Amino acid sequence: MDSILSSTTFQLRKPLLCKQTPPFLPIKISINRLKKQSHCVQKSSFSPRPLRIFASSQAAPSAEASTSSSYSIPSEMKAWTYTEYGGVEVLKLESNVAVPQVKEDQVLIKVAAAALNPVDFKRRLGKFKATDSPLPLENLTKKISSDRSGYDVAGVVVKVGSQVKGLKEGDEVYGDISEKALDGPKQFGSLAEYTAVEEKLLALKPKNLDFAQAASLPLAIETAYEGLEKAGFSEGKSILVLGGAGGVGSLVIQLAKQVFGASKVAATSSTGKLEFLKSLGADLAIDYTKENFEDLPEKFDVVYDTVGKKNDLDVALLGTELDMIYVRMTTGQCDRAVKAVKEGGSVVALTGAVTPPGFRFVVTSNGDSLKKLNPYLESGKVKALVDPKGPFPFDKVNEAFSYLETNRATGKVVIYPIP
Ligand SMILES: NC(=O)c1ccc[n+]([C@@H]2O[C@H](COP(=O)([O-])OP(=O)(O)OC[C@H]3O[C@@H](n4cnc5c(N)ncnc54)[C@H](OP(=O)(O)O)[C@@H]3O)[C@@H](O)[C@H]2O)c1
């Protein structure tokens with residue numbers, strides 16, 4: 001175990017056994033069709049007429065930017081917002097947030113379900129300050145309050161911009177609302193009753209999926225797909241997925257096997273999730289609390305690292321005793337990943353420092369990828385995986401984040417219903 005050093009002052013430490021979680025149980029969520037159940041989005045009983053929304057913090061929409069809507073859309077909504085960087089405690093559920101205006105290439109979605117991603121809380125913690133959109137401001141006369149949380153959405157189109165060609169009111173859609181996850185992401189998010197999204201970032205919701213399942217997919221499946229493509233993954237190749245039980249990893253396993261035609265899929269997780277990995281199609285499930293994947297004699301065409309870690313030596317003080325101190329020193333995950341790849345193979349890293357020949361990329365939201373993958377979702381070959389601790393109701397978003405931030409989620413943490 002060369003990631004853990006031992007000497008007279010360094011004590012070899014047994015790997016920490018993670019608390020076992022119950023085996024993953026696919027859950028069935030009964031969701032009524034939004035249009036039938038929602039009291040927020042009702043087709044107006046009056047004849048359709050142009051609807052003007054003058055939210056307190058927004059300018060009136062230009063005539064060209066949006067068409068009228070036959071839905072009754074309020075000017076204010078509930079949304080999770082924050083006005084300073086910080087932990088989960090800075091998140092606030094506000095009820096007077098302006099419903100976003102629709103630009104000409106956008107649609108307004110009545111949000112039915114949303115999903116959380118680590119980028120949400122990393123952004124909230126201020127890790128991407130340099131490229132983030134400006135934080136909402138308070139000014140003397142009115143509060144300018146923007147929802148800044150949430151990338152993944154599933155819901156119903158209630159209004160379309162004037163240049164929107166492929167979507168119409170009433171369409172059930174899903175997508176990741178921020179084209180670039182880190183580069184000027186949207187100020188308003190999907191953890192709100194309404195959100196405005198470019199048409200090109202959306203696809204029609206797969207017919208067999210409910211809103212919670214659909215919301216679980218966009219950012220994670222687009223990342224899984226883009227990484228496999230960038231690594232040149234193709235039929236007959238083998239792959240090792242590090243972090244196979246997480247939001248992205250669970251989809252990398254499925255796409256590698258079902259969409260790309262992998263010859264062999266290996267994946268890592270803690271002890272309690274090994275059966276879950278196999279249920280997704282992994283031929284080899286590796287318990288990272290007991291085995292070092294880089295010590296396996298077998299090497300892989302692609303290693304897809306969704307775990308990452310600092311490349312600097314990660315030093316943890318374990319304790320002191322008389323004149324001895326006990327520390328654990330761990331090298332970066334990507335360092336280890338490159339030892340498990342065949343010569344000429346590729347190592348994809350999503351986070352943390354990267355060791356050559358590994359490469360890192362940041363996902364680009366793309367509705368066309370979702371459209372391409374819809375047949376695999378509709379046939380059931382690729383499954384949406386909602387973490388069994390959820391879905392969390394809208395008023396429990398902060399609890400859902402606390403859970404996601406444990407780094408132990410299985411599949412995706414979903415928020416449903418959204419009122
Ligand atoms: N670059 C990009 O465009 C991009 C896109 C998406 C995500 N990301 C990043 O990729 C990372 C993963 O995202 P995610 O949504 O998949 O996160 P996630 O769902 O929160 O990942 C949680 C999973 O990680 C597993 N895990 C934790 N430590 C592990 C280890 N040492 N070995 C194997 N598995 C381990 C856990 O399984 P156990 O409980 O079994 O440990 C858990 O199931 C995040 O840092 C995220 O920010 C980057």
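## Ligand site and confidence of a predicted model

The protein has a mean pLDDT of 82, with 76% of its residues reaching 70 or more, and the model discussed here is a predicted one. Over residues 1-63 the pLDDT is below 50, although this stretch has 117 contacts in the model beyond near neighbours in sequence. The pLDDT also stays under 50 over residues 137-145, for which the model has 12 contacts beyond four places in sequence.

Turning to the ligand, 25 residues surround it, and the closest are Lys 122, Ser 270, Lys 273, Tyr 288 and Ala 409. By class, the residues of this shell divide into 12 nonpolar, 10 polar and three charged.

Polar contacts with the ligand include those in the table, where an oxygen atom of the ligand is paired with Ser 270 and with Ala 409, whereas a nitrogen atom of the ligand is paired with Leu 350.

| Residue | Protein atom | Ligand atom | Distance |
|---|---|---|---|
| Ser 270 | side-chain N or O | oxygen | 2.6 Å |
| Leu 350 | backbone N or O | nitrogen | 3.1 Å |
| Ala 409 | polar backbone atom | oxygen | 2.5 Å |

Taken alone, the ligand exposes 930 Å², and the protein buries 91% of that area. The elements that contribute two or more residues to the shell around the ligand are the helices α2 (118-124), α4 (218-230) and α5 (247-258), together with the strand β9 (264-269).

Terms used: Residues numbered from 1 in each chain as written. Predicted model: local features only at pLDDT ≥ 70, side-chain atom pairs only at ≥ 80, totals over all residues. Heavy atoms only, no water. pLDDT = per-residue confidence, 0-100. Contact = heavy atoms within 4.5 Å. Near = heavy atom within 4 Å. Polar contact = N/O pair within 3.5 Å; in protein donor to acceptor, adjacent residues only side chain to side chain. Areas by Shrake-Rupley, 256 points an atom, 1.4 Å probe, with all protein chains shown as cover. Helix = DSSP H or I, 4+ residues; strand = E, 2+ residues; numbered from the N terminus. Nonpolar A, V, L, I, M, F, W, Y, C, P; charged D, E, K, R; others polar.
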